[in-house]
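Visitor: Could you pick one part of this model and take me in for a really close look? After that, I'd like to hear how the rest connects to it.

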Amino acid sequence: MDIPWLGLLYAALMLVFPVLIFSELKIKLIKTTFVSFVRMSVQLAMIGIVLQFIFQKSNLWLTLGWMLIMISAAVWTILNRLKLKRNILFPVLAFSLLAASLLIMPWIILMVLRPDPLYSPIFLIPIYGMVLGNSMNSCALALERFENNLADNWKAYYTRIILGANLREAV
């Protein structure tokens, strides 16, 4: 389903309220708001073109490839929120999101939806996006709490390091 130009114009009209508030409060975010809206529209149009191609082909490998791209994007999104080392956490987060997906997705696909064919991207990709979004939020919250607890207990952490503990033991 294509969004008509008039629909896009109606969506753009929703920017009137934040722009009025920003101008009234003299907050210099009006340009950023418009740039973000244009960027979002272009990104959604590009993703729409790719998804339309994948949906039309209904190929298992294209669907799995797109799901792999979704996992990678989710991991990078989580890592960009954190201050910890990325090279350590990337495989851990990728495994966590993949494991959660492999536990939940078969149940939803085989027991609840039962699409024909089972690898139908019209069902798999949106459902996988929802599962991945929830898993991503859980991972992000857990890691943010871990970071905050580590920051709150930095004296104990450095004391253990000084006493000869390795990084894993100190954490």
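Guide: Let's start at Y158, which counts as partly exposed at 46% relative accessibility. Keep in mind that this is a predicted model, so treat what follows as a description of a prediction. Y158 isn't on its own: ring pairs link it with W154 and Y157 into a cluster.

To put that cluster in context, let's look at the aromatic pairs. How many does a search of the whole structure find? The search turns up three. One of them is formed by W76 and F90, a tilted pair with 5.3 Å centre to centre and 45 degrees between the planes. The word "tilted" is used because 45 degrees falls between the limits for stacked, under 30 degrees, and edge-to-face, over 60. W76 sits in helix α4 (residues 60-81) and F90 in helix α5 (residues 86-113), so this pair ties together parts that are 14 residues apart in sequence. As for solvent, W76 is partly exposed at 42% relative accessibility, and F90 is partly exposed too, with a relative accessible area of 28%.

Back to our tyrosine. W154 and Y158 make an edge-to-face pair, 6.2 Å centre to centre and with 70 degrees between the planes. That angle is over the 60 degrees needed, so the edge-to-face label applies. Being four residues apart in helix α7 (residues 154-162), W154 and Y158 have about one helical turn between them. W154 comes out as partly exposed, at a relative accessible area of 45%.

Now follow the F90 side of the story into the interior. The largest nonpolar core has 28 residues, and V75, I78, L93, L97, M105, Y128 and L132 have the most contacts inside it. Two or more residues of this core come from each of α3, α4, α5 and α6. Which element gives the largest share of this core? That's α6, with 10 residues. For a closer look at one core residue, take V75: leaving aside neighbours within four places in sequence, V75 is in contact with F90, L93, A94 and L97. So F90 turns up twice, as the ring partner of W76 and as a contact of V75.

Moving out to the surface, there's a nonpolar patch of about 780 Å², made by W107, L110, M111, V112, L113, L118, I122 and F123. Helices α5 and α6 (121-152) each supply at least two of its residues, with the largest share, five residues, coming from α5. One member to click on is L110, which lies in helix α5 and is partly exposed at 44% relative accessibility.

While you're around there, check the backbone of the loop between α5 and α6. R114 is in that loop, and its phi is near 50 degrees, a positive value in a residue other than glycine. With a relative accessible area of 58%, R114 is exposed. P117 is in the loop between α5 and α6 as well, and the peptide bond leading from D116 to P117 is cis, with omega near 0 degrees.

Another positive phi is worth a glance. S58 is not a glycine, yet its phi is about 50 degrees. You'll find S58 in the loop between α3 (30-57) and α4, where it counts as partly exposed at 25% relative accessibility.

From there, step into helix α3 and look for T33. Is T33 buried or exposed? It's buried, with a relative accessible area of 16%, a value that sits under the 20% limit. Apart from neighbours within four places in sequence, T33 is in contact with L15 and F22.

One last stop is A12, in helix α1 (residues 5-13). A12 is partly exposed, with a relative accessible area of 25%. Its C-alpha atom is separated by 10.0 Å from that of S41, which is 29 residues apart from A12 along the chain.

To retrace the route, we began with Y158 in its cluster with W154 and Y157, and then met F90, which pairs with W76 and touches V75. We then took in the nonpolar patch, where α5 gives five residues, and the loop between α5 and α6 that holds P117.

Notes. Residues are numbered from 1 along each chain as its sequence is written. This is a predicted model: local features need pLDDT of at least 70, side-chain atom pairs count only at pLDDT 80 or more; totals for chains, interfaces and linings use all residues. Side-chain values use heavy atoms; hydrogens and water are left out. Rings of Phe, Tyr and Trp (its six-membered ring) pair if their centres lie within 6.5 Å; planes under 30 degrees apart count as stacked, over 60 as edge-to-face and the rest as tilted. Buried means under 20% relative accessible area, exposed over 50%, partly exposed in between (1.4 Å probe, protein chains only). Patches are made of residues with over 30% relative accessible area and no salt bridge: like charges are joined within 9 Å, nonpolar side chains (Val, Leu, Ile, Met, Phe, Trp, Tyr) within 5 Å. Accessible areas come from the Shrake-Rupley method with a 1.4 Å probe; for residues, only the protein chains shown count as cover. A salt bridge is a side-chain nitrogen of Lys or Arg within 4 Å of a carboxyl oxygen of Asp or Glu. A nonpolar core is a set of buried Ala, Val, Leu, Ile, Met, Phe, Trp, Tyr and Cys residues joined through side-chain atoms within 4.5 Å. Contact means heavy atoms within 4.5 Å.
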